[in-house]
Amino acid sequence: MKMVVVMMIMMVMAMVSEASMIEQTCKETPDFNLCVSLLDSDPRGSSADTSGLALILVDKIKGLATKTLKEINTLYKKRPELKQALDECSRRYNTILKADVPEAIEAISKGVPKFGEDGVIDAGVEAAVCEGDFKGKSPLTSLTKSMQKVSNVARAIVRMLL
Amino acid sequence: MASSDALLPISAREEDPLLSDGSRSDPNAETHGRRRPVKGLLAVTFGLFFIAFYVALIATHDGSRSNDVKFESDGTATTASRARLAGVSEKSNDQLWKLSGDRNTVAFSWNNSMLSWQRTGFHFQPGQNWMNDPNGPLFYKGWYHFFYQYNPNAAVWGDIVWGHAVSKDLIHWVHLPLAMVADQWYDANGVWTGSATFLEDGSIVMLYTGSTDKSVQVQNLAYPEDLNDPLLLKWVKFSGNPVLVPPPGILPKDFRDPTTAWKTSAGKWRITIGSKINRTGISLVYDTTDFKTYEKLDTLLHKVPNTGMWECVDFYPVSKTLVKGLDTSVNGPDVKHIVKASMDDTRIDHYAIGTYFDSNGTWIPDDPTIDVGISTSLRYDYGKFYASKTFYDQNKGRRILWGWIGESDSESADVQKGWSSLQGIPRTVVLDTKTGKNLVQWPVDEVKSLRLSSKKFDMEVGPGSFVNIDVGSAAQLDIEAEFEIKKESLDKILGDASAAAEAEEFSCQKSGGSTVRGALGPFGFSVLAHESLSEQTPVYFYVAKGKDSKLKTFFCTDSSRSSFANDVVKPVYGSSVPVLEGEKLTMRILVDHSIVEAFGQGGRTCTTSRVYPTKAIYGAAKLFLFNNAIDATITASFNVWQMNSAFIHPYSEEAVRALSRT
């Protein structure tokens, strides 16, 4: 009987504490649901501190940028008339991968989060500019909008480290 | 996502031992089980329920552990979410949304011509890559030394080491080899910001922050390898580093940027280091005799709640009566002390004037309502200006201020152009002996050596006028101007009781920029302006009537129309500026390609802006004088100089020799 009660209490505590860090953090971001789904989907999410959560989001930015670059490459063949805009998007998304992400990872890990904030904000800026280059006829809208949303959530979490 | 029902059979099977095997159950159950079988069954059922919930929870985590998270599914924030975005950060997606939402904007792309124009002619910057904080500035054996945070590998922050350059005059620089790199465990993750101190024997010690191999922030000691080398090319790190580690109560990543030391009346050296405790910004104090071992004071130099982390703290004396610099160790009745800190949260440098108590190493502000770091407290600069640091120039008896001027463009552009960041033009800093309530900054005199041809103008400008000022090339200029609002216009406004008192509501940032016309302003110059005015950067005074019928003057820089580019930040910067009885309105503007530095009323209010025109570049950059007031006529008397370039040299023996001869 006592063992069952103890087990019940432990399980309730485990349930409550497991959800709480991610939920608490995500409540302070502009997109709670997106934040939770991004962090929950990563195995590191359940045991990460704020720094760790920020790094997970930077990883998501990296993954999304890679995915978008692949899409841009396929679009060159499918939509050759969009070459100019695709070139610019390619440049912008390469910046996210090669400049923004490494900068954010280094800054967040080393405790100078303001440079991490710069990096994640810029990821959103680059995506928005890429989107704008298609003048309303973008084939990348859902991807660029995602990047901006993830960037906003990432930024909110990085700001918690300041 | 598996349902808990599907899992119940498994958990039930796992629980079977509890039900079927009496020998493994709670011993109490044996004795109590027969007497209260219902209670036992209830407890077990609850137990099963909770186990089921727990396993279901794990299962849902497993189920959603995939990289194909549906980003697009939920665009809306729940009512429970709120963004705690404290402070204002310049680069924001919001500003960009406004611009890219305009479908009529031509798709914009930076080309090399536009980007290469952005490099400055006479501001300090390395040949390429990223720079941030000024470090350890000093004057030694005839040379001004400048060190700086530098990334040798990219045009964004990272891999930080110490860059180094020397100059005879703070303007013409020769780059030198890197002074310090990340070659020890105690700075393996970054050779960060630090300051120099001169010892009594004339030798130099450098204290700097290292980010250790475990990313702990510590303070390290370094000194020149050869004091006979005026170029101080090589630096030695003390074998006993680190000399300071984060003290108890201070987190390992909240301990950086040691200051220049000053002598206490007890004959020790004292330094201060910024940090935070929760959200309170603080400055820790340490005493030392040899820079190797330190004694932490129990008292803080100062603290201000809700200001966040204090970076790049600076602490120095200013004379109450004399317009000159003071050595960092000077103290006495004719002296006030400045505490300055860079606010990590807002990227703003704030300072306050106050009194230092040497006996316990504390300082209190003259006016606690504008204490360091409070949003309304004084700033060196109301634009883009951070991580600033002063040093005492014993060569000319001045205190000189360096400030890091970051970019306001996208990192894509920085990567494409291959560099990022500038230093502001070095400024002298003194207490404003007329107001006693603020500092006054002014570009070092040596800037004048760059002045080439000049043109003098005297004009009267009626309301709503734009006058092209023909000065030839307009990307490198020094402008000094004096303005007066015609007496009739002033009298009319002051005498008109119904004229709204707008001074209390007005701010450069929020009042809509230079196109919003008032009775007595805006008027000033529009720099880096295209002849069509499609791109322009107005620097102006806006005079407004206050409730007490007194006039209040604001000094602003409006970069909102500085560029067609949609990936740059274009704020309106500025602040009110004290104007004393009988003073004319004066401004000085240094234009140097993508940087515009504006000094109002002799440097009482200073504003640095970064601008990135796409059309108003090279020969198409023009200068205009304008008066956008509704009624007032102004008179303007001004000089415009073409500015030569400083031709900053990469390191070579020849370049050093050439500079030595000047």
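This tour proceeds through a predicted model, from chain B as a whole to single residues.

**Chain B as a whole**

Begin by selecting chain B and colouring it by secondary structure. Eight helices and 35 strands make up its secondary structure. Of its 662 residues, 56% count as buried. Among contacts in chain B with a separation of 6 or more, 65% are between residues 24 or more positions apart. With the surface displayed, the exposed area of chain B comes to about 27100 Å², and carbon and sulfur atoms supply 54% of that area.

**The two domains**

Next, colour residues 134-443 of chain B as domain 1 and residues 452-643 as domain 2. Taken over C-alpha atoms, the centres of these two domains of chain B are 33 Å apart. At the boundary, 27 residues of domain 1 of chain B are in contact with 25 residues of domain 2 of chain B. Together, the two domains of chain B bury about 2100 Å² between them, and 55% of this buried area is on carbon and sulfur atoms. On the domain 1 side, select B:Y382, B:S408 and B:W442, which supply 32% of the area that domain 1 of chain B buries against domain 2 of chain B, more than any other three residues.

Remain at this interface and turn to charged side chains. Two salt bridges are found across the interface of domain 1 and domain 2 of chain B. Now show B:E407 and B:R610 as sticks: their side chains meet in a salt bridge, with an N to O distance of 2.8 Å.

**The nonpolar cores**

Move to the interior. In soluble globular proteins, nonpolar side chains tend to be buried together. Which residues touch the most other members of the largest nonpolar core? They are B:F483 and B:F525, in a core of 48 residues. Centre the view on B:F483 and display its surroundings. Leaving aside residues up to four places away in sequence, B:F483 touches B:F523, B:G524, B:F525 and B:F541, and its contacts also include B:K584, B:L585, B:M587 and B:L625. B:I634, B:T635 and B:A636 are likewise touched by B:F483.

A second, separate core has 42 residues. To find it, select A:F32, A:V36, A:Y93 and A:L143, which are among its members.

**Two cis peptide bonds**

Return to chain B and inspect the backbone. Select B:N241 and B:P242, which are joined by a cis peptide bond with omega of about 0°. B:P242 is placed in the loop between β8 (235-237) and β9 (262-263) of chain B.

Then select B:G521 and B:P522. The peptide bond from B:G521 to B:P522 is also cis, and its omega is near 5°. Here the proline, B:P522, is found in strand β27 of chain B, residues 520-529.

**Two positive phi angles**

The last stops are two residues in loops. B:N278 is not a glycine, yet its phi is positive, at about 50°. Its place is in the loop between β10 (269-277) and β11 (280-288) of chain B. Is B:N278 buried or exposed? B:N278 counts as exposed, because its relative accessibility is 67% and the cut-off for exposed is over 50%.

Finally, select B:Q601, a residue other than glycine with a positive phi near 55°. B:Q601 lies in the loop between β32 (595-600) and β33 (605-610) of chain B. B:Q601 is buried, because its relative accessible area is 7% and buried means under 20%.

Key: Residues are numbered from 1 along each chain as its sequence is written. Chains are lettered from A and ligands numbered from 1 in the order in which they are written. This is a predicted model: local features need pLDDT of at least 70, side-chain atom pairs count only at pLDDT 80 or more; totals for chains, interfaces and linings use all residues. Side-chain values use heavy atoms; hydrogens and water are left out. Helices (H or I, at least four residues) and strands (E, at least two) are DSSP runs, numbered from the N terminus. Buried means under 20% relative accessible area, exposed over 50%, partly exposed in between (1.4 Å probe, protein chains only). Contact means heavy atoms within 4.5 Å. Accessible areas come from the Shrake-Rupley method with a 1.4 Å probe; for residues, only the protein chains shown count as cover. A nonpolar core is a set of buried Ala, Val, Leu, Ile, Met, Phe, Trp, Tyr and Cys residues joined through side-chain atoms within 4.5 Å. Domain bounds come from an automatic or database domain assignment. Buried area is the accessible area (1.4 Å probe) that two parts lose on being put together, summed over both. A salt bridge is a side-chain nitrogen of Lys or Arg within 4 Å of a carboxyl oxygen of Asp or Glu.
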